[in-house]
Each structure stands twice: as C-alpha cells, then as structure tokens.
Amino acid sequence: MTHDHLQAPGTDKATTPTRRRGILALAGLALVAFGAQSPMPASASSAGGLDYVSNKAIDSPPDSDPVIAPCPAGTQALGGGVSGGGGFNTQSLIGMQSFDAVDADSLPDDGWLGTLVNRTASTALAVRTQAICGTGQYQYSVGPVTNVPAGASAQVSAVCPGGHVASGGVSPVATVGKISVATSSPFDRRSDVNHVPDDGWIASVANHETVAQEMQVTVICAKGRFSYPQREVTISSAQRSRVKVNCPRRAHVTGGGLNLASNLSTIALNGFKSLDLSDSDRAPDDAWRVTADNSDPGSRTATAYAVCKR
Ligand SMILES: [Ca+2]
Ligand SMILES: [Ca+2]
Ligand SMILES: [Ca+2]
C-alpha cells in the first residue's frame, strides 16, 4: 500500500503531488494515496446544513489518478460522486469512496475520492470529484471482499446497521487493472418492513482483466429522514446516456445511482454528480445525475435513484 500525506488540493501551491500509476491502493478503507495531477482549488457551496465540495484535475492516459474532494473541517462525508469531461467510451469509473485522512480517527469520513480510467490514447481529460459533507454521526459500513474472476461479472454489496438508512454510497474499488461498473445504487432488503431502498448499497462490476480482482462496497448510513425517488430509464445503444432524478422540494440530495437488471459488461458508468436546479440557492442539492456508456447494440432499461435528505 502506498502511503502519502493527504493534502487538500490547492492549499499548498509549492507542492506538486506525485504522479502515481493507475491504481488505487487500498487497505480496507484507510486510504491515504493521492496522486491527481494539476489540482485546482476546490469550490464549495452549502444548503440544508450540507456542504457540497467540488474539485477538478486533468488526467492524462495511461495513468488513472484519483481525484479527491476534501470535506470542510468539522464535517463528515455523507456521499459524493465523480464525473469526467470526455465523451462516449473515453472514461469509465473504476472506483469512488469516502476516505480517511491522517486525522485523529480511523473513519473514512474526510472527503470523497473518485477515479476514472482514461481510455483514450493520448487525450488529457478532466475529472471532477464531489464530496457531500454534513455533521451527523454517520456509520461507514463495509461489505465483504468479493472475488471477481477474470472475464466475469459479480455483484457486491454492503448493508447498513439497524436503525440507519443508506444516505450515500460508494462503488467498488479496483485494486488492480480494468473493471467496469454497471450498477451502483441503494437497494431494498426484501426481509425488512418496507419496500424502500434504504438498507444498503449494491454494485455490479465486470472484470476485463485476465486475472481475478477483489472488489468491495462501502455504504454510508445515517439516522434521519431520507427519501429515495426513482424512475425507470432507457440506456440507449452505442452512445452515452445521462439520467437525472430530482429530489422533492426542501430536500437535499446526498447521493444516487443506477441499477441495471443484470450484470452487463457492455455498460460502463462514468459519471455521478449532484445538480443545482432553479431553486433559491446555488448549491447542487436538487437532483442526482448518472452518466452511462452503452457499447451494446441493444438499449437497456434501468432504475435511476436519488437519495434525498429532508
Ligand atoms: Ca477520518
Ligand atoms: Ca427497505
Ligand atoms: Ca440548489
């Protein structure tokens, strides 16, 4: 595992973060690797007691450098996303999650980290990571490590403890090589009392390498009132689709995702982002957008979700 200091991008202009080859180094969730190049100052806005922090870097192939968005001091990560500046099949998600900085605790509560693979030959592309931060006593629940054989797909998930609801989530993280993520979304445990997808986070991943890879999901869980608006969407063939789910009025988005009905290795998610609609503030707290590239000749249906805090 690589151990670097973790520093908020833009806070020390004299320091150029070390460029790092491709892959996130993980040990559980105590992740302190940081290698994004050309970091720019983070921007932030607030609504509903939540801070929305965004940070952008330019990433060149063949490396895939993670980009972090740090939570403000005194707040904890509740959700986040990562999105790219390229077009169809130029970038795809290999991992995003909250991270633990070098602080007093060992909780992965200090911000969000996202990594997109740059699939172009030589084009530098923007990567923007967003952290959604609050002041609740959040639980970071880690699912089992799941082995994904070479050339195969698998589902991985993590479940919230009792009395909590999934308030944001993370997709699995590749420890080596190329994967694609076709599902990353909240889900409903059939065994609980409701039919609300408030019980955990699930992802389906395809392993495009010739060796097996280990995958893991973490879900961030909170007490409080959350809603999970959803809608059925079509992921059109041979192009990029953007799907959006709005939160109710006076609610604030903390996450969201997309659930394909099956493990489809031809679909690659590559963008998770909250949006500002025409409300009274300028915070991106109103809707969740997922971007997916479908390389299959047929279109696919999926369920898109937002996770909304009231
Ligand atoms: Ca921490
Ligand atoms: Ca449920
Ligand atoms: Ca707004």
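In this predicted model, 8 bridges join β20 to strand β21 (residues 287-294), the two running antiparallel. Within this pairing, Lys273 has Arg289 of β21 as its bridge partner.

The two strands belong to an open sheet of 3 strands, arranged in the order β18-β21-β20 with antiparallel pairing. The edges are occupied by β18 (239-246) and β20 (267-275); each has a single partner strand, so one side of each is left without a neighbour in the sheet. On average, and with direction ignored, neighbouring strands of this sheet are turned by 20° against each other.

A further open sheet is built from 3 strands in the order β3-β6-β5, and its pairing is antiparallel. Here β3 (67-70) and β5 (91-98) stand at the edges, and because each has a single partner strand, one side of each lacks a neighbour in the sheet. From one strand to the next, the twist averages 20°. Strand β6 (residues 111-118) pairs with β5 in the antiparallel sense over 7 bridges. In this sheet, Leu93 stands opposite Leu116 in β6.

The two strand pairings described above are set out below.

| Strand pair | Sense | Bridges |
|---|---|---|
| β20 and β21 (residues 287-294) | antiparallel | 8 bridges |
| β5 and β6 (residues 111-118) | antiparallel | 7 bridges |

These sheets are part of a protein chain that contains 22 strands and 0 helices. Of the 310 residues in the chain, 52% are buried. Among contacts with a separation of 6 or more, 75% are between residues 24 or more positions apart.

One loop residue can be described in detail. His164 is located in the loop between β10 (153-159) and β11 (165-169). This residue counts as buried because 22 C-beta neighbours lie inside 10 Å, the cut-off being 20 or more. Leaving aside residues up to four places away in sequence, His164 touches Gln139, Cys221, Ala222 and Lys223. His164 and Gly224 are separated by 60 residues in sequence, while their C-alpha atoms are 7.8 Å apart in space.

Notes: Residues are numbered from 1 along each chain as its sequence is written. Chains are lettered from A and ligands numbered from 1 in the order in which they are written. This is a predicted model: local features need pLDDT of at least 70, side-chain atom pairs count only at pLDDT 80 or more; totals for chains, interfaces and linings use all residues. Helices (H or I, at least four residues) and strands (E, at least two) are DSSP runs, numbered from the N terminus. A residue is buried if 20 or more other C-beta atoms lie within 10 Å of its own, exposed if 12 or fewer, and partly exposed in between; C-beta atoms are placed from the backbone. Two residues are in contact if their C-beta atoms, placed from the backbone, lie within 7 Å. Two strands pair if DSSP finds at least two bridges between them. Axes are lines fitted to C-alpha atoms, for helices over the stretch in contact, and angles run from 0 to 180 degrees between N-to-C directions.
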